[in-house]
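Trainee: I would like to take a close look at a single part of this structure, and I would be glad if you went through it slowly with me.

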Amino acid sequence: MKKISFLCLFFGIIMAVNAQNPDEEIFRTSIQTLASDEFGGRGPLTSYETKAINYIADQFKKFGLQPVNGDSYFQSVPLQSISTRVKNNSLTINGKKGTLTLRSSDDFIIWSQSLKEKVTLAGAGYVFVGFGICAPEYNWNDYEGIDVKGKIVVILVNDPGYYDDGLFCGKNMTYYGRWTYKFEEATRQGAAGALVIHDTAPASYSWSVIRNSWSSKNLNLRSEKPQMSFQGWISNDAAKRLFEKAGVSYDDAVNAAQKKGFKSFPIAAKSTVELYNTIQTGDTYNVAGILPGTDLKDEYIVYSAHWDHLGIGIPVNNDSIYNGAVDNATGVAGLFVIANKFNLLAQRPRRSIMFLSVSVEESVLLGSDYYSQHPLAPLDKTVVNLNMDCYGPSGRTHDVLISAAGDSETDRYVIEAAAAQGRIVKAAPPSTTGLYYRSDHFSFAKVGVPVIIARGGSEMLDPVAEEKKQAEHPPTNTYHQPSDEYQDWWDFSGTLDDIYLFYGIGLRLANESYFPRWKDGIVYKAIREGKTK
């Protein structure tokens, strides 16, 4: 039977089953449960974590999955949790044109990864390093000719392509634009502290997201490696006041930094920073279950979705529980739907299917990063990763969007599976937000495993119904807010189509013997083939 015919038959069976609605019942019930107040926002290293991971393990067992880690569904991930308090909740900046006092939370958010209970940085000077990027392939080095050792570097968010389509990858943000990279590079350069200037448009989220995400405990993998004294964010308005007190035109500096040939420079300002850290160490847990294959059981398809959210935090409208319904109870519920469908197959796939629900995605993808360094299945035998993050309510669409289209041979699997659903595939538009680097598939990509990122687009199957739905329930921004809560009226018809798309792709790959490859010129290809130095 031709592959496309097989897929058409397969999706026909799916739609017939879906008419009875068992998948939607699993999906809705799981989201309601995980996003309920009883799960306390699923914060790692809390009692609510225990409740969440036990629920997920129980569901994996219910849907026929076996433990992956010996006789356990859990993989421990060693964490350090540090709560940082700034002395007097303020940062005083002494500039050549006067003194400026910034308020914690309103003007800046900083945290420390140091394992010292008290961290003091005395009389540290400031250096403006533009985007804080050292990228030889783009002939760009913001640190060239400047010594930042012991200094506080001030850095622009995003990368130069955001402002000039001819630089880097234009509007399609590179990893150099991510704040995680900027802190990594500042550490390599010997900076004592780093502040990224928050600007809503190029950052792609508001200051409230910064405050809600970083104002309490900050998590990292347990490490003895040397760290900067602190890192964090400064608001755009506060940065302007800092430059003003230093006698520097903020606008001129930012405009210069956006052009090739920019030279970083010291800012005539100093600060003494005194921090107090409350340090906690402990283990969080990834949850993993497996459906063993047959003749190719030592090769793996990995479905993933993070289970964590922000827990209990700063109250908004008298609500302090960050329930995380869309982000990411939906992704975990998607794992359950797909696991159940594989479990109900009359014949097991040739390859093994792993379902991986990772922790601490909200803290720089820590759970999946740890998994990538300590895999439960060999990475060279892992065929592909299909990651589900924020599979929120959506009506059915004509189109499917592929992110990072052209990067690997997996595109054709998406195209053919979508065609079997009667949908067309398009390349996702360039992302100024760096979404590719903000979810757990990136942890797989950077160790060479091909990834698939695809979901419904904007061409609605029933635009009239969609307009009516939006009129009755105007869209609101619930990202990293307590308002990310389950709603009974949510339409999951298109969401389930996307979940079935992933099921179909995984089923096909699980019954092949071929390993899709990265395309030439993609950095992950050399990693996959073991050709990196």
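Trainee: Is helix H9 largely enclosed by the rest of the structure or not, and how many of its residues are buried?

Mentor: Keep in mind as we go that this is a predicted model. Helix H9 covers residues 325-343, and 18 of its 19 residues are buried, so the helix is largely enclosed by the rest of the structure. Here "buried" stands for a relative accessible area under 20%. You can also check the length of H9, because a helix of 19 residues, at 1.5 Å a residue, should span 27 Å, and the distance of 25 Å between its end C-alpha atoms agrees with that. As you turn the helix on your screen, remember that an α-helix has 3.6 residues a turn, so residues three or four places apart point the same way.

From H9, move along the chain to strand E17, which takes in residues 351-358 and is mostly covered, with eight of its eight residues buried. Strand E17 pairs with two strands that we can take in turn, beginning with E13 (residues 265-291), which pairs with E17 in the antiparallel sense over five bridges; within E17, Met354 stands opposite Ile290. The other pairing is with strand E14 (residues 296-306), which runs parallel to E17 and is joined to it by eight bridges, and here Ala305 has Ser357 of E17 as its bridge partner. While you follow these strands, bear in mind that in a regular strand the side chains alternate between the two faces of the sheet.

Note on methods
Residues are numbered from 1 along each chain as its sequence is written. This is a predicted model: local features need pLDDT of at least 70, side-chain atom pairs count only at pLDDT 80 or more; totals for chains, interfaces and linings use all residues. Side-chain values use heavy atoms; hydrogens and water are left out. Buried means under 20% relative accessible area, exposed over 50%, partly exposed in between (1.4 Å probe, protein chains only). Helices (H or I, at least four residues) and strands (E, at least two) are DSSP runs, numbered from the N terminus. Two strands pair if DSSP finds at least two bridges between them. The expected span of a helix is 1.5 Å times one less than its number of residues.
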